[in-house]
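User: I would like to learn how to read a binding site from a model, starting with the pocket and then moving to the ligand. Could you take me through the steps?

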Amino acid sequence: MMQTELDLFNPANPAEPQWIGKQAVVLPGLALAWVDALLPELRQIIACAPLRHMVTPGGLNMAVGLTNCGTLGWISDRRGYRYSPVDPLSQQPWPALPTVFSELAALAASAAGFADFQPDACLVNCYQPGNRLSLHQDRDEHDYSQPIVSVSLGLPAVFQFGGHSRNAPSQRIGLRHGDVMVWGGEDRLRFHGVLPLKPGNHPVLGSRRINLTLRKAG
Ligand code: MD3
Ligand code: FE
């Protein structure tokens, strides 16, 4: 049967984990029960450390808006990509990682077989219609044995999950409001990206998608 867009967003059983790699899993709707607790924290983070468009080492403005919370935050400028303990906009530490963020991340990680996950960094990505994230690897962290947890909120997106080289074939995975992904181990360095966000209106988040990426960066 042909794979339709509908299929991409309709796993056979939405409650069942979908293993997309040996150590990579989508946990459909896991965060739904947490949204009411996550959103006020997210609002407060953005009030203290506003979403902004960082500059890539190549001098381009990133289309996806971003901010961070936790003891380390991912940043980009002309000098490169790295983690920083301070927000370059305010020269102040990033807002603290809310307990509810780390609790959700630890729950998701344990469901994927990674016990005792203690994130110290949460990257908040904000996508508007048309925004994409081109295929890349996450290589700025110290310890690749630590998993990564990502929480999707708002408009649905199509996630590209590739291989260990840029030109390896990639799977397309629909991610909806409340879905959580965890990957680690042999899947930790796989290429991945997000296809251009389709316009739409989400009842809670409006015309955008927010992704929380929780990591142990330090
Ligand atoms: C699979 N963000 O910020 S998170 C990023 O939706 C990033 O905003 C995307 O990729 C987003 O670096 C995707 C899901 C994700 C993150 C890292 C991965 C999936 C991954 C690393 C390896 C394999
Ligand atoms: Fe990434």
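User: Which strand gives the most to the lining of the largest pocket?

Analyst: One reads this by assigning the lining residues to their secondary-structure elements; in this predicted model, β15 gives the most to the lining of the largest pocket, with 4 residues. The strands β8, β9, β14 and β15 each supply at least two residues of that lining.

User: How many residues line the largest pocket, and which lie nearest its centre?

Analyst: The lining is read as a list of residues around the open space, and here the list holds 30 residues, with Met62, Trp74, Leu133, Ser134 and His136 lying nearest the centre of the largest pocket. The space in this pocket comes to about 640 Å³, and by class its lining comprises 13 nonpolar, 10 polar and 7 charged residues.

User: Where does ligand 1 sit, and which residues are closest to it?

Analyst: The ligand is placed relative to the pocket before its own shell is examined: ligand 1 sits in the largest pocket, where 19 residues surround it, the closest being Asn125, Tyr127, Trp183, His192 and Arg209. That shell divides into 7 nonpolar, 6 polar and 6 charged residues.

User: Which strands supply at least two residues each to the shell around ligand 1?

Analyst: These are β8 (121-127), β9 (133-136), β11 (157-161), β14 (192-194) and β15 (209-215), and β15 gives the most to the shell around ligand 1, with 4 residues.

User: Which side chains have a polar atom 3.1 Å from an oxygen atom of ligand 1?

Analyst: For polar contacts one looks at pairs of N or O atoms within 3.5 Å. An N or O atom in the side chain of His136 is 3.1 Å from an oxygen atom of ligand 1, and a polar side-chain atom of Arg215 likewise lies 3.1 Å from an oxygen atom of the ligand. For Arg209, a polar side-chain atom lies 2.9 Å from an oxygen atom of ligand 1.

User: How much of the accessible area of ligand 1 does the protein cover?

Analyst: Coverage is read against the area of the ligand on its own, which for ligand 1 is 500 Å², and the protein covers 97% of that accessible area.

How values were computed:
Residues numbered from 1 in each chain as written. Chains lettered and ligands numbered in written order. Predicted model: local features only at pLDDT ≥ 70, side-chain atom pairs only at ≥ 80, totals over all residues. Heavy atoms only, no water. Near = heavy atom within 4 Å. Polar contact = N/O pair within 3.5 Å; in protein donor to acceptor, adjacent residues only side chain to side chain. Areas by Shrake-Rupley, 256 points an atom, 1.4 Å probe, with all protein chains shown as cover. 1 Å grid on protein atoms, 1.4 Å probe; cavity = no way out; pocket = protein on both sides within 12 Å on 5 of 7 lines; lining within 4 Å. Sits in = over half its atoms within 2 Å of the grid points. Nonpolar A, V, L, I, M, F, W, Y, C, P; charged D, E, K, R; others polar. Points joined across faces, edges and corners; volume = space filled by probe spheres on them.
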